[in-house]
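Open the structure in your viewer and show it as a cartoon. Keep the selection tool ready, and take the stops in the order given.

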Amino acid sequence: MQSKVYIYTYWRRLLTHHLLTVERGRNTLAMINRRALQELLQRPLGPYHDKDVLSEACRSPGQPKLFLYSFVLEHNGRVIGLDQSETPLEGGGEDHRKFRFRGTLKIGDPDWLSDWGVKLVEAELDLRWAECAMREGWRRGPPLTLKGLFDNRLLKYSGSERHDSDDDCELLLRIQGERGQPAVFMRADPAKDGLLWSSKDQFRQYEVLTMDVATYSFSENYFWRYRLLALMQKIAEQYRYVPIETRDPGWFVDKYIMDFAYPEEDKQPRTIYDSADSDLDEERVPRTPRQPLLVHKSEILGLFAAHAEWLVTNEVARRNKIFDVKVWDRFRKRVKRERREAARNGGIWGWPVGQEPQVEDLMSSASSEEEEEEDEDNIVKRNPVIGKPTPLVQRKLDIARKKRLANKKRIESSASESESDVQGHAYASDFSGDSESPWEPDESPTVDKEVLRLVPWQFTVPPDPPDATGRWQCPLPSCRYKIDLRHLTEENRRGVDDTVIRHIVRKEWRNVYMDDRVMDGFLQMVRNHYDGHLVEVGVRVVREGRRERLERIEPRQEGAESHSSRGRLPPKGSLRGESTATMFHVIE
């Protein structure tokens, strides 16, 4: 009897000790894992093929919406943008192009992963865990499992939207797949104000929240087109009673400035303010409204001009028309003349983002009738409509052009017809008066058209000023020349007055624009560099005081490449902070 009691007591104590040991180990492991997971999951796992790691449960309608971050698009090993992937093929035939995408996806439930996907993710996670434990000197516990991490609340069950919280550990995977259907921007119910992307695998749909900077730069033209179209649809919906024939570009510009340019919610918040300001109310909101920056008509009209061709071909293929195609086709034809006038007066106006202006289009005063007719035939080829055959769109456009307008009023672009008055054109800026820029000489350079054709068009306009850090780069795509006013090189200093150089290198100045000597030195560096490019193409600048003239000379090198045309224009408003690589390493 005593032996039985003794055995019973022994096993009870042993079981209690074992349970306490397991509990202590679980708590210790949980504490280590909480700290270690933040180290292990700093970088997303992968990349993986979506067809290999994601299950069917990751696409069912009842599941949370899927969000992609750092979205990258690729074709033939090169990073591209939506401008290329969403352009239909010319002519008929099936589209066999393969567009691969890659993005970061947050896994909010282990059921989103297939059985093979769970094994792949756990294998990489366990490998990181082993390397981290060896590097940090931690005592490594048993292999990590996704089910254990989620059940122990080290990884939380949630949707695929990321949260900026230091306490939460998120399981992020780099997903690669192939495009399924064309992208939809600001037109799909699942993503009314965003970009909807579909994968070929399971026709899974994602909402793209952030993009890689290279892909975004190559997609700006696409985004601008559909932003403008969405805006025009809102304006047309608000003014249904206005006849379509009267909805010319100027009408849309006026309605945008009146109803959309200055929203009320933007007038009250103030980004920068003093917390001790007496103007703040009890909720720390400033009482005095802000004065938003005035939007000039020419700026908005320039956006319509940049995408006038696309808007015309897209409207022809639409059922519910929002403007008269013939009215906008006249505006499209006038845009060419306005672009040339803007170029002759030193400006670039009305060009799509990323499309290079041709020098002959910018500088020539008129085009031949043959060129005009050829251009009319190519408008649909340059701007094909997704899902519509090009011959069908061309036929509809021809019919719309023959249509008789109910309103015969002339299409004006908020400007007079005066060819000599710069301010009378659509491209005229917000500011009037003569420029006092030190870049401009007292008289324009004397030059004939043959010599001017050799000059890169980038040199016909004042250079972009240095950025906030005092840096500038040559606008020619093949040139790597840079100016860093805070770290001048010997090449930068060559040909610049020593007193100006000494003033710059002292770094006693703060703002480039507020210091005339720094600005004069910068402009002289740019002139000296531009002179070298001009010599390469057979042009020399002869300066006599502040007067300049261009002379034709022999090129510096035989067969030197002309810089009169450059590659892509630098994208406006490009995102920064993510990868700018243009190569895409594909998972085979």
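Select Gln202, in the hairpin of β7 and β8. Six residues lie between the two strands here, and Gln202 takes a positive phi near 60°. The model is a predicted one.

Now add the strands on either side of that turn: β7, residues 195–198, and β8, residues 205–208. The pairing of β7 with β8 is antiparallel and has four bridges. To see one of them, select Ser198 and its bridge partner in β8, Gln205.

Next, move from β8 to strand β2, residues 67–75. These two strands run parallel and are joined by two bridges. Select Leu68 and look for Val208 of β8, which stands opposite.

Stay on Leu68. Which residue of β4 is its bridge partner? The partner is Leu105. Strands β2 and β4 pair in the antiparallel sense, over five bridges.

Select the whole of β4, residues 100–107. Is this strand largely enclosed or open? Seven of its eight residues are buried, so the rest of the structure largely encloses β4.

Last, add strand β5, residues 171–178. Strands β4 and β5 run antiparallel, with eight bridges between them. Pick out Arg102 and, opposite, Gln176 in β5. Show both side chains: they make a polar contact with each other at 2.6 Å. Gln176 has 1% relative accessibility; the cut-off for buried is under 20%, so Gln176 counts as buried.

Methods
Residues are numbered from 1 along each chain as its sequence is written. This is a predicted model: local features need pLDDT of at least 70, side-chain atom pairs count only at pLDDT 80 or more; totals for chains, interfaces and linings use all residues. Side-chain values use heavy atoms; hydrogens and water are left out. Buried means under 20% relative accessible area, exposed over 50%, partly exposed in between (1.4 Å probe, protein chains only). Two strands pair if DSSP finds at least two bridges between them. A polar contact is a pair of N or O atoms within 3.5 Å; within protein, one must be able to donate a hydrogen and the other to accept it, and residues adjacent in sequence count only if both atoms are side-chain atoms.
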